[in-house]
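Colleague: I would like to go through this model with you. Shall we start with the side chains?

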Amino acid sequence: MNEAKIKTVRNDVNTLIAEAQDLFKEAATATAAKADELRTKAMSLLEDAAARAQAVQSSAIAGGKELVANTDDYVNQNPWRAVAISSAIGLLAGLALARSCGK
């Protein structure tokens, strides 16, 4: 899932939660029948927000599993190249840490 889609869903969920909170506040001062109607709408908004968040989580998990499977396949097909790449990354990280700790 791309970053733009995640941000859009996050903004949608935040908007839905804010709308639900406003409805709950309005329900607190409304008459009994109107309060029940507002609470029902707010609960519907919160359920929608939870469903969207669950969809994003499921998509992220699926993407992570795919990434792990692809990485595993690559390492199995190219073990020495994987060792070289991870060593280079370790060296660069070590150099970066040594510079930041030395200052």
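Colleague: Is Arg-52 buried, partly exposed or exposed?

Modeller: This is a predicted model. Arg-52 has 32% relative accessibility. Buried would need under 20%, and exposed over 50%. Arg-52 therefore counts as partly exposed.

Colleague: Which side chain meets that of Arg-52 in a salt bridge?

Modeller: The partner lies in helix α2 too, 4 residues apart from Arg-52, so about one helical turn separates them. The N to O distance is 3.7 Å, and the cut-off is 4 Å. The partner, at 31% relative accessibility, counts as partly exposed. The residue is Asp-48.

Colleague: With which residue does Glu-37 form a salt bridge?

Modeller: Both residues lie in helix α2, 4 residues apart, about one turn of the helix. Their closest N and O atoms are 3.5 Å apart. Glu-37 counts as partly exposed at 37% relative accessibility, and its partner counts as partly exposed at 43%. That partner is Lys-41.

Colleague: How are α1 and α2 oriented, roughly parallel or roughly antiparallel?

Modeller: The axes of α1 (residues 3-29) and α2 (residues 32-77) come within 8 Å and cross at roughly 165°. Angles over 145 degrees count as roughly antiparallel. So α1 is, relative to α2, roughly antiparallel.

Colleague: How many nonpolar residues does the contact of α1 with α2 have?

Modeller: The crossing is left-handed. By class, the contact has 8 charged residues and no polar ones. The nonpolar count is 17.

Colleague: Where in the protein chain is confidence lowest?

Modeller: The chain's mean pLDDT is 82, with 96% of residues at 70 or more. Helix α3 (residues 79-102) is highest, at 90. The lowest mean, 77, belongs to α1.

Technical notes:
Residues numbered from 1 in each chain as written. Predicted model: local features only at pLDDT ≥ 70, side-chain atom pairs only at ≥ 80, totals over all residues. Heavy atoms only, no water. Axes fitted to C-alpha atoms, helices over the stretch in contact; angles between N-to-C directions. Helix = DSSP H or I, 4+ residues; strand = E, 2+ residues; numbered from the N terminus. Parallel < 35°, antiparallel > 145°, perpendicular 65-115°, else oblique. Left-handed = near helix turned anticlockwise from the far one by under 90°. Nonpolar A, V, L, I, M, F, W, Y, C, P; charged D, E, K, R; others polar. pLDDT = per-residue confidence, 0-100. Buried < 20%, exposed > 50% of the residue type's maximum accessible area, 1.4 Å probe, protein only.
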